[in-house]
Amino acid sequence: MRDSRPQLLDVLFDDASSADKSPLRLVQQRAAALLKLNRAVKGLLPKPMKPWCRVGNYRQGVLVLEIANASWMMRLRYEQPALLSALRAQILPSLSSIDIRINPSLMVKVENVSQFKDQTSASTSGGKPFRHLSAESAQELMILASRSPEKLRKALERLAGLAGESTKPTSRNK
């Protein structure tokens with residue numbers, strides 16, 4: 001069982017007496033080992049799955065992988081036997097099993113990163129809008145609106161009025 005009692009800060013930062021056995025040094029070594037293992041696992045995964053998966057932990061011969069959602073979890077289960085044998089052969093001969101857990105925060109992080117990349121690529125590529133309605137499409141919408149009921153006509157006219165404007169995917173309050 002781990003010693004989880006509070007400790008003084010000078011004990012944590014005291015590396016003069018025992019450099020290899022200080023608690024922070026052990027945490028740092030564990031984190032570095034998990035990062036190395038994460039890179040190895042991502043190297044063995046199929047390319048579409050790499051951003052959605054990461055190593056959560058390795059303890060007592062069990063590798064814990066975190067995955068973004070249930071659909072990616074099912075795909076990873078198909079890859080699990082090959083991944084297990086490859087990891088045993090290359091890095092972890094003591095690996096007995098792989099535990100897969102869903103971590104929805106991975107989904108949020110990847111979506112935020114991809115959304116940020118989309119925004120920066122749009123701004124660096126000359127400020128092209130995410131959506132664009134051409135003048136021809138707006139004209140067709142106006143023709144369609146003239147033959148539509150009142151409520152639909154108003155909506156189509158508003159949509160046609162957006163022609164040529166730079167609109168973001170989330171701007172819906174115009």
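## Helix H2 and its surroundings

Strand S1 (53-59), strand S2 (62-67) and helix H3 (70-90) are among the elements that cover the buried residues of helix H2. In this predicted model, those buried residues of H2 are Leu34, Leu37, Asn38, Ala40 and Val41. They cover an arc of only 165° around the axis, and therefore sit on the same side of H2. The face of H2 turned away from that buried side carries Leu35, Lys36, Arg39 and Gly43, which are exposed.

The length of H2 can be checked against its residue count. The helix takes in residues 23-44, and its 22 residues, at 1.5 Å a residue, should span 32 Å, which agrees with the 32 Å that separates its end C-alpha atoms.

## Overall architecture and confidence

The chain contains 6 helices and 3 strands, and their order along the sequence is α-α-β-β-α-β-α-α-α. Of the 174 residues in the chain, 26% are buried, and the chain exposes about 12800 Å², of which carbon and sulfur atoms supply 57%. When contacts between residues at least 6 apart in sequence are considered, 53% of them join residues at least 24 apart.

The predictor's confidence should be kept in mind when individual regions are read: the average pLDDT of the chain is 81, and 72% of the residues score at least 70. Over residues 170-174 the pLDDT stays under 50, and for this stretch the model has 2 contacts beyond four places in sequence.

## Asn103, Ser105 and their partners

Asn103 is placed in the loop between strand S3 (97-102) and H4. Is Asn103 buried or exposed? Its relative accessibility is 15%, and because buried means under 20%, Asn103 counts as buried. Leaving aside neighbours within four places in sequence, Asn103 is in contact with Arg54, Glu66, Ile67 and Ala68. With one of these residues, Glu66, the side chain of Asn103 makes a polar contact of 3.0 Å.

A polar contact of 2.6 Å also joins the side chain of Asn103 to that of Ser105. Ser105 belongs to helix H4 (residues 104-124) and, with a relative accessible area of 31%, is partly exposed. Although Ser105 and Ala68 are 37 residues apart along the chain, their C-alpha atoms are separated by 7.1 Å, and Ala68 is also among the residues in contact with Asn103.

## Gln80 in helix H3

Helix H3, which is among the elements covering the buried residues of H2, contains Gln80. At 18% relative accessibility, Gln80 counts as buried, since the cut-off for buried residues is under 20%. Not counting residues up to four places away in sequence, Gln80 touches Ile98 and Ile100.

Which backbone atom lies 2.9 Å from a polar atom of the side chain of Gln80? The backbone oxygen of Ile98 does, so that the buried Gln80 has a polar partner at 2.9 Å.

## Gln60 between S1 and S2

Gln60 is located in the loop between S1 and S2, the two strands that are among the elements covering the buried residues of H2. The phi angle of Gln60 is near 50°, which is a positive value in a residue other than glycine. Unlike the buried Gln80, Gln60 counts as exposed, at 75% relative accessibility.

## Helix H5 against helix H6

The buried residues of helix H5 are Ala138, Leu141 and Ala145. Seen down the axis of H5, these residues fall within an arc of 60°, so they line one face of the helix. That buried set packs against helix H6 (150-160), whereas on the other side of H5 the residues Glu136, Gln139, Glu140 and Ser146 are exposed.

As with H2, the span of H5 can be compared with its residue count. H5 comprises residues 135-146, and at 1.5 Å a residue its 12 residues should span 16 Å; the end C-alpha atoms are 17 Å apart, which agrees.

Key. Residues numbered from 1 in each chain as written. Predicted model: local features only at pLDDT ≥ 70, side-chain atom pairs only at ≥ 80, totals over all residues. Heavy atoms only, no water. Helix = DSSP H or I, 4+ residues; strand = E, 2+ residues; numbered from the N terminus. Buried < 20%, exposed > 50% of the residue type's maximum accessible area, 1.4 Å probe, protein only. Contact = heavy atoms within 4.5 Å. Areas by Shrake-Rupley, 256 points an atom, 1.4 Å probe, with all protein chains shown as cover. Expected span 1.5 Å × (residues − 1). Arc of directions from axis to C-beta. pLDDT = per-residue confidence, 0-100. Polar contact = N/O pair within 3.5 Å; in protein donor to acceptor, adjacent residues only side chain to side chain.
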